[in-house]
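Me: I have a protein structure to go through for class. Could you help me read it step by step?

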Amino acid sequence: MDANKKAELKNKLEALRVQLEAELKAFKNPTEMGDEIDALDTEADEAEEFSANAGMAQAIQDRHEAVVAALGKMEKGTYGVCEACKNDIEIELLMVDPESHLCKSCKAK
Ligand SMILES: [Zn+2]
């Protein structure tokens, strides 16, 4: 992989990691978001909100793990290799989805 591209992707991943960690923190400490949650009208709304948030928190957590794994692979020099078919992952895919561990065709399966 092109060294410039790799450096760019590493920057993207580092920025993503920081961003996702901040989002996770916000989910884990909802009280910091103020009293607005308490002002919700019904319990049903609260429950709905809670399960939507839990799903979102899980999605952020999963993405965070993928980002950390991708950064680890960069250290080891195995970044950008598809885990399923061992071919190089397309650079245009990595530009959109830098934590991807599958190439386009394996992703489509
Ligand atoms: Zn593949």
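Me: Is lysine 73 buried or exposed?
Reply: Lysine 73 counts as buried, because its relative accessibility is 15% and the cut-off for buried is under 20%. Please keep in mind that this is a predicted model.

Me: Where is lysine 73 found?
Reply: Lysine 73 is found in helix H2, which covers residues 43-76.

Me: Which side chain does lysine 73 join in a polar contact?
Reply: The partner is glutamate 83, and the polar contact between the two side chains is 2.8 Å. The pair also meets in a salt bridge, with 2.8 Å from N to O. Glutamate 83 lies in the loop between H2 and H3 while lysine 73 is in helix H2, so the salt bridge ties together parts that are 10 residues apart in sequence.

Me: Why would two such side chains pair at all?
Reply: In general, side chains of opposite charge can pair when their charged atoms come close.

Me: And what about glutamate 83, how accessible is that one?
Reply: Glutamate 83 counts as partly exposed, at 44% relative accessibility. Its partner, lysine 73, is buried.

Me: Let me step back. How many helices and strands does the chain have?
Reply: The chain has 4 helices and 0 strands. Read from the N terminus, the elements run α-α-α-α.

Me: How much of the chain counts as buried?
Reply: The chain has 109 residues, and 23% of them count as buried.

Me: Back to salt bridges. How many are there in the whole structure?
Reply: A search of the whole structure finds 6 salt bridges. One of them joins the side chains of lysine 10 and glutamate 75, at 3.5 Å from N to O. Lysine 10 lies in helix H1 (residues 3-28) and glutamate 75 in helix H2, so this pair ties together parts that are 65 residues apart in sequence.

Me: How accessible are those two residues?
Reply: Lysine 10 counts as partly exposed, at 30% relative accessibility. Glutamate 75 is exposed, with a relative accessible area of 61%.

Me: Which residue forms a salt bridge with glutamate 99?
Reply: Glutamate 99 forms a salt bridge with arginine 63, and the closest N and O atoms are 2.5 Å apart. This pair links distant parts of the chain, 36 residues apart: glutamate 99 is in the loop between helix H3 (91-96) and helix H4 (104-108), whereas arginine 63 is in helix H2.

Me: Is glutamate 99 buried or exposed?
Reply: Glutamate 99 is buried, with a relative accessible area of 8%. Arginine 63, on the other side of the bridge, is partly exposed at 33%.

Me: New topic: which residues gather in a patch of negative charge?
Reply: Asp45, Glu46, Glu48 and Glu49 gather in such a patch on the surface. As an example, glutamate 48 has its place in helix H2. Glutamate 48 is exposed because its relative accessible area is 57%, and the cut-off for exposed is over 50%.

Me: Now for helix H1. Where does leucine 16 lie, and is it buried or exposed?
Reply: Leucine 16 lies in helix H1 and counts as buried, at 11% relative accessibility. Leucine 16 and valine 67 are 51 residues apart in sequence, and their C-alpha atoms are 7.3 Å apart in space.

Me: What about histidine 64, where is its place?
Reply: Histidine 64 has its place in helix H2 and is buried, with a relative accessible area of 14%. From C-alpha to C-alpha, histidine 64 and leucine 13 are 9.6 Å apart in space, with their positions 51 residues apart in sequence.

Me: One last item: what is the phi of lysine 86?
Reply: Phi of lysine 86 is near 65°, which is a positive value in a residue other than glycine. Lysine 86 is found in the loop between H2 and H3. It counts as exposed, at 58% relative accessibility.

Me: So which residue that we discussed shares that loop?
Reply: Glutamate 83 also lies in the loop between H2 and H3. Glutamate 83 is partly exposed, whereas lysine 86 is exposed.

Note on methods:
Residues are numbered from 1 along each chain as its sequence is written. This is a predicted model: local features need pLDDT of at least 70, side-chain atom pairs count only at pLDDT 80 or more; totals for chains, interfaces and linings use all residues. Side-chain values use heavy atoms; hydrogens and water are left out. Patches are made of residues with over 30% relative accessible area and no salt bridge: like charges are joined within 9 Å, nonpolar side chains (Val, Leu, Ile, Met, Phe, Trp, Tyr) within 5 Å. Accessible areas come from the Shrake-Rupley method with a 1.4 Å probe; for residues, only the protein chains shown count as cover. A salt bridge is a side-chain nitrogen of Lys or Arg within 4 Å of a carboxyl oxygen of Asp or Glu. Lys and Arg count as positive and Asp and Glu as negative; His and the chain ends are not counted. The place of a charge is taken as NZ of Lys, CZ of Arg, CG of Asp or CD of Glu. Helices (H or I, at least four residues) and strands (E, at least two) are DSSP runs, numbered from the N terminus. Buried means under 20% relative accessible area, exposed over 50%, partly exposed in between (1.4 Å probe, protein chains only). A polar contact is a pair of N or O atoms within 3.5 Å; within protein, one must be able to donate a hydrogen and the other to accept it, and residues adjacent in sequence count only if both atoms are side-chain atoms.
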